[in-house]
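User: I've got a structure open and would like to go through some of its local features with you. Can we take them one at a time?

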Amino acid sequence: MAVVDATLEVGNLIGGAFQPARAGRTFESRNPADSGDVVGVFPRSDNTDVDAAVAAARDAFEGWRRTPWPSRAAIILRASELLEERKEALAQLMTREMGKVLTEARGDVQEAIDMGKFIAGLGRHAFGETVPSELRDKWAMTMRQPFGVVGCITPWNFPIAIPSWKIFPAIMAGNAVVLKPAEDTPLCALRFVEALADAGLPAGVVNVVFGFGEEAGAALVSHPDVAAIYFTGSVETGRIVSETCGRMLKKCSLELGGKNAIVVLDDADVELAVDGALWGAFGTAGQRCTASSRLIVEQGALDRFTSRLVERASHLRLGDGLDAKVDVGPVINETQLKRIHSYTEIGKGEGASLLLGGEIATEGALAKGWFYRPTVFGGVKPAMRIAQEEIFGPTTVIIPVTSMEDAITAANSTQYGLSLSVYTNDLRTAFHAINELHSGIVYINAPTIGAEIQLPFGGTRNTGNGHREAGGHVLDEFSEWKSIYIDYSGRLQRAQIDTE
Ligand code: NAD
């Protein structure tokens with residue numbers, strides 16, 4: 001497939017062909033570091049476009065589910081190799097379209113490469129079970145089967161990694177996919193799917209419908225021929241998606257928000273904790289579901305931790321992520337910029353001390369984009385809104401506590417349960433914390449970001465609905481079990497009755 005020019009008007013990818021939206025509407029993707037830079041023009045799809053994509057996926061599904069697992073795996077592996085060859089170009093595109101600094105954009109692409117290789121290995125590893133029957137001359141076993149056509153809806157903050165986390169395992173298991181990527185990062189998503197097409201994926205196995213959540217996204221969720229929805233995004237949207245899926249009895253996997261915390265105890269290596277807090281809070285300009293947006297610090301470490309963090313954060317350089325000297329890129333769009341700033345006002349109103357930042361940055365070239373200064377609040381109470389609500393920007397809050405138990409209580413005190421971390425040099429404290437922290441991910445002496453694809457990823461409470469992506473059990477999310485009984489006795493045998 002021809003690689004699409006970055007400034008070109010792009011169509012939906014349906015059944016292997018690019019098509020404009022049936023209603024003729026479009027939207028633009030813009031560079032958040034320079035809002036005058038249009039990355040591409042995309043179809044603003046509605047339910048008629050989604051209908052066409054689902055029909056193409058349904059057509060492709062029958063052939064794909066019959067394709068042997070190792071043959072499907074070979075295409076996924078080839079796609080990963082193509083992503084590897086294209087890594088630098090993809091990373092540069094990602095920085096332009098999404099804003100994260102180039103080193104992080106390379107990491108995002110690398111995550112997709114790793115995921116592809118990991119999933120391809122499952123092509124010869126998708127074991128079922130053979131178990132003894134309770135009856136004579138009867139065989140009992142299990143095998144995996146795909147759901148059918150599945151919908152994937154993704155956010156903008158990991159514009160290639162997150163589509164890869166869903167699409168690679170979905171097609172490995174034999175499903176056909178319709179992807180509705182975030183409206184802020186459509187070209188990154190398309191580039192990812194192009195690698196699959198170039199690797200030999202049959203047309204229609206993965207289709208892409210661009211557009212807005214309430215239009216294309218909602219149409220995909222409510223489509224009667226879509227058997228399962230894999231959604232990553234906010235709690236608010238997740239609830240809407242889940243309600244529709246619940247009504248329609250669809251499988252629905254939700255990966256939602258976080259209000260993650262680093263706990264720094266008195267015995268911690270404070271400088272190491274500051275390293276972790278800087279990376280966890282301001283990496284990706286705080287726009288990670290696992291961002292370290294709360295720093296819960298025990299009294300004995302508080303003064304040193306606070307002064308070092310504020311000192312070092314004050315030296316972070318804002319700018320276009322393509323510039324190697326830049327530490328923190330822009331936030332995704334103007335709406336988000338204003339939302340982040342509104343939380344600064346909320347924090348001040350709640351009586352927290354603004355220790356750093358708290359401003360939209362507009363000097364020089366920064367005026368062209370959506371930049372927010374790294375922001376630190378001190379003296380924050382666990383119940384304050386800035387300590388409870390996901391801000392999704394470069395804002396972090398320091399919550400003083402007087403004991404480890406108070407720290408754990410504070411860490412567990414939000415509606416979210418994605419990633420929690422503890423800095424301590426005491427082994428017993430570390431294991432106690434691992435047991436008591438109620439989250440899907442726990443780090444010891446590392447920040448709340450940095451998940452690896454070979455472990456399950458997801459969270460407790462309102463971070464999701466009990467599902468996990470990635471990890472060794474990933475196929476459980478993307479396939480259903482079929483239990484098979486083969487009776488070769490030649491007579492009727494009744495389970496639970498004719499046993500000896
Ligand atoms: P969002 O919920 O606004 O949008 C996510 C996706 O859902 C987009 O593609 C959007 O178009 C679509 N959408 C919006 N309304 C819809 C509707 N009514 N029906 C169907 N689809 C709809 O989230 P966002 O702003 O793109 O992403 C940020 C959020 O994602 C944060 O809350 C962050 O924590 C979360 N996130 C979670 C994880 C995780 O794995 N837990 C990873 C990354 C991001």
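User: Is K348 buried, partly exposed or exposed?
Analyst: This is a predicted model, so bear in mind that everything here is computed from it. K348 has a relative accessibility of 41%. Buried needs under 20% and exposed needs over 50%, so K348 counts as partly exposed.

User: Which residue does K348 meet in a salt bridge?
Analyst: Look along helix α11, where the two residues are three apart and therefore separated by about one helical turn. The N to O distance is 3.8 Å, and the cut-off for a salt bridge is 4 Å. The partner, at 41% relative accessibility, is partly exposed. That partner is E345.

User: What is the N to O distance in the salt bridge of E334 and K338?
Analyst: Both residues lie in helix α11 (residues 334-349), four residues apart, about one turn of the helix. E334 is partly exposed at 38% relative accessible area, while K338 is exposed at 52%. Their side chains meet in a salt bridge with an N to O distance of 3.6 Å.

User: Which helix holds both R66 and E62?
Analyst: These two form a salt bridge, with the closest N and O atoms 3.1 Å apart. R66 counts as exposed at 56% relative accessibility, and E62 as partly exposed at 34%. They sit four residues apart, about one turn, in helix α1 (residues 47-66).

User: How many salt bridges are found in the whole structure?
Analyst: Side chains of opposite charge can pair when their charged atoms come close. For the count, that means a side-chain nitrogen of Lys or Arg within 4 Å of a carboxyl oxygen of Asp or Glu. Searching the whole structure gives 34.

User: Which residues are linked with E311 in a network of salt bridges?
Analyst: E311 lies in helix α10 (residues 299-313), and it is partly exposed, with a relative accessible area of 37%. The network that includes E311 links it with E271, D275, R308 and R312.

User: How far apart in space are E311 and L356?
Analyst: Along the sequence, 45 residues separate E311 from L356. Going C-alpha to C-alpha, the distance in space is 9.1 Å.

User: And what separates the C-alpha atoms of L190 and R294?
Analyst: L190 lies in helix α6 (residues 186-198), and it is buried, with a relative accessible area of 0%. R294 is 104 residues from L190 along the chain. Their C-alpha atoms are separated by 34 Å.

User: Are α4 and α5 roughly parallel or roughly antiparallel?
Analyst: The axes of helix α4 (residues 102-121) and helix α5 (residues 161-172) come within 8 Å and cross at roughly 15°. Angles under 35 degrees count as roughly parallel, so α4 and α5 are roughly parallel.

User: Is that crossing of α4 and α5 left-handed or right-handed?
Analyst: The angle alone, roughly 15°, won't tell you that. For the handedness you need the way one helix is turned from the other. The crossing of α4 and α5 comes out right-handed.

User: Is α2 roughly parallel or roughly antiparallel to α4?
Analyst: Helix α2 (residues 69-85) packs with α4 at an angle of about 160°, their axes being 8 Å apart. An angle over 145 degrees counts as roughly antiparallel, so α2 and α4 are roughly antiparallel. As for the handedness, α2 passes α4 in a crossing that is left-handed. To end on what you asked, the pair is roughly antiparallel.

User: Which helix gives the most to the nonpolar patch?
Analyst: The patch covers about 390 Å² and is made by L427, F431, I434 and I444. I434 is found in the helix you're after, and it is partly exposed, with a relative accessible area of 38%. With three residues, the top contributor is helix α14 (residues 427-436).

User: What is phi of L249?
Analyst: L249 lies in the loop between α8 (235-248) and β11 (251-255), and it is exposed at 77% relative accessible area. Although L249 is not a glycine, its phi is positive, about 55°.

User: Which strand holds R461?
Analyst: R461 also has a positive phi, near 50°, and is a residue other than glycine. At 29% relative accessibility, R461 counts as partly exposed. It lies in strand β22 (residues 460-461).

Notes: Residues numbered from 1 in each chain as written. Predicted model: local features only at pLDDT ≥ 70, side-chain atom pairs only at ≥ 80, totals over all residues. Heavy atoms only, no water. Patch = residues over 30% accessible without salt bridge, like charges linked within 9 Å, V, L, I, M, F, W, Y side chains within 5 Å. Areas by Shrake-Rupley, 256 points an atom, 1.4 Å probe, with all protein chains shown as cover. Buried < 20%, exposed > 50% of the residue type's maximum accessible area, 1.4 Å probe, protein only. Axes fitted to C-alpha atoms, helices over the stretch in contact; angles between N-to-C directions. Parallel < 35°, antiparallel > 145°, perpendicular 65-115°, else oblique.
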